[in-house]
Amino acid sequence: MIPPPFEYARPATVSDAIALLQKHGEDAKVLSGGQSLIPMLKLRLARPAWLIDINAVPGLAGIHEEGGYLKIGGLVREADLEVSELIRTRYPIIHETARVIADPLVRNLATAGGNLAHGDPANDHPATMLALGAQVLATGPGGVTTIPIDSFFVSIFTTALQPAEILTEIQIPIPPPLSGGAYFKLERKVGDFATAAVAAQVTVDSKGTCLRAGIGLTNVGPTPLRARNAEESLRGKQLDNATIGQAARLAADESQPSSDLRGPAEYKRGLVKELTRRALARALERARG
Ligand SMILES: Cc1cc2nc3c(=O)[nH]c(=O)nc-3n(C[C@H](O)[C@H](O)[C@H](O)COP(=O)(O)OP(=O)(O)OC[C@H]3O[C@@H](n4cnc5c(N)ncnc54)[C@H](O)[C@@H]3O)c2cc1C
């Protein structure tokens, strides 16, 4: 299918991009990897008059640790995350998330920033960023705003980004020692969106007591969800089969799946329970080194 006609701009700086977004308002959309936006255009689910392509903007493609954060630039591709030594060795949860997104062709173009900005509850990075307690930098006419990930996903396909704002960076607090995370996804076939998926990140002390747990859920609600009751149930406890099992049950209760082509709601709730159990067990294994 061919998209409807649109005007195209390729600004060379963030401020030029913002000026164009301001000028064209609701008629304009940021274009990053185009792996969600172009299909939406082809299906006539979006009809922006202007595409503001930010791919020529320098300085948005870095992955590095600085000032207590892992910083992922707004234009970092899934393929960059897959091959990054820093991500593979220090943030296996992000590596695991990136490599189960779509297929290699999509991952060569799709950006982690676009994955969040699209606001699709079926996308994989949101749950991981919720589990990690990330924050997002939004650059707009008024400067840079920091948006905690917990307030970023507003409703289906809607985020806290304003129309003239660009997601320029994702920041993840560098986890303290004895931390680990994992992402478990069930998909009908390789390259599909999740039937359900779970991200878990834990920090324990030297005696194995849980200091922090983050649990994010993919495609089981109108927005990416954080399983707060499940997280809370783990804090201050030894992470053993019983406490992990209880957290998995709570996460399933907190999920809000609907029945669709990927399966009935009850099946998805069962998946959340099992994937939470597996993700927490793997996260704990990694926290213990
Ligand atoms: C066949 C196929 C399978 C897929 N499977 C999966 C999957 O299994 N898991 C998964 O998570 N995703 C999947 N995707 C989606 C893919 O990961 C998308 O690329 C991603 O969701 C959006 O990233 P993008 O860079 O392509 O954004 P684009 O398509 O360019 O943009 C998407 C939306 O976000 C906005 N946007 C993008 N970047 C910014 C920014 N920096 N600042 C402000 N707004 C911005 C755009 O205006 C647009 O509204 C799949 C896509 C395809 C085509």
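**Close-up views of the ligand site and helix α11**

**View 1. Polar contacts to the ligand.** A backbone N or O atom of Ser36 sits 2.9 Å from an oxygen atom of the ligand; a polar contact here is a pair of N or O atoms within 3.5 Å. For Ala102, a backbone N or O atom is 3.3 Å from a ligand oxygen atom. Ser32 brings a polar side-chain atom to 2.6 Å from a nitrogen atom of the ligand. This is a predicted model, in which local features need pLDDT of at least 70 and side-chain atom pairs count only at pLDDT 80 or more, while totals for chains, interfaces and linings use all residues. Residues are numbered from 1 along each chain as its sequence is written, and side-chain values use heavy atoms, without hydrogens or water.

**View 2. The shell around the ligand.** Which residues come nearest to the ligand? Of the 30 around it, they are Val30, Ser32, Leu37, Thr111 and Asp124, where near means a heavy atom within 4 Å. The shell divides into 14 nonpolar, 11 polar and 5 charged residues, with Gly counted as polar.

**View 3. Helix α11 and its neighbours.** Helix α11 (residues 265–287), a DSSP run of H or I with at least four residues, has 23 residues that should span 33 Å at 1.5 Å a residue, and its end C-alpha atoms agree at 32 Å apart. That expected span is 1.5 Å times one less than the number of residues. Its buried residues (under 20% relative accessible area, 1.4 Å probe, protein chains only) include Leu271, Leu275 and Lys268. They pack against β11, β12, β13, α9 and α10, contact meaning heavy atoms within 4.5 Å. Just after α11, Gly289 has a positive phi of about 75 degrees.

Technical notes. Helices (H or I, at least four residues) and strands (E, at least two) are DSSP runs, numbered from the N terminus. Buried means under 20% relative accessible area, exposed over 50%, partly exposed in between (1.4 Å probe, protein chains only). A polar contact is a pair of N or O atoms within 3.5 Å; within protein, one must be able to donate a hydrogen and the other to accept it, and residues adjacent in sequence count only if both atoms are side-chain atoms.
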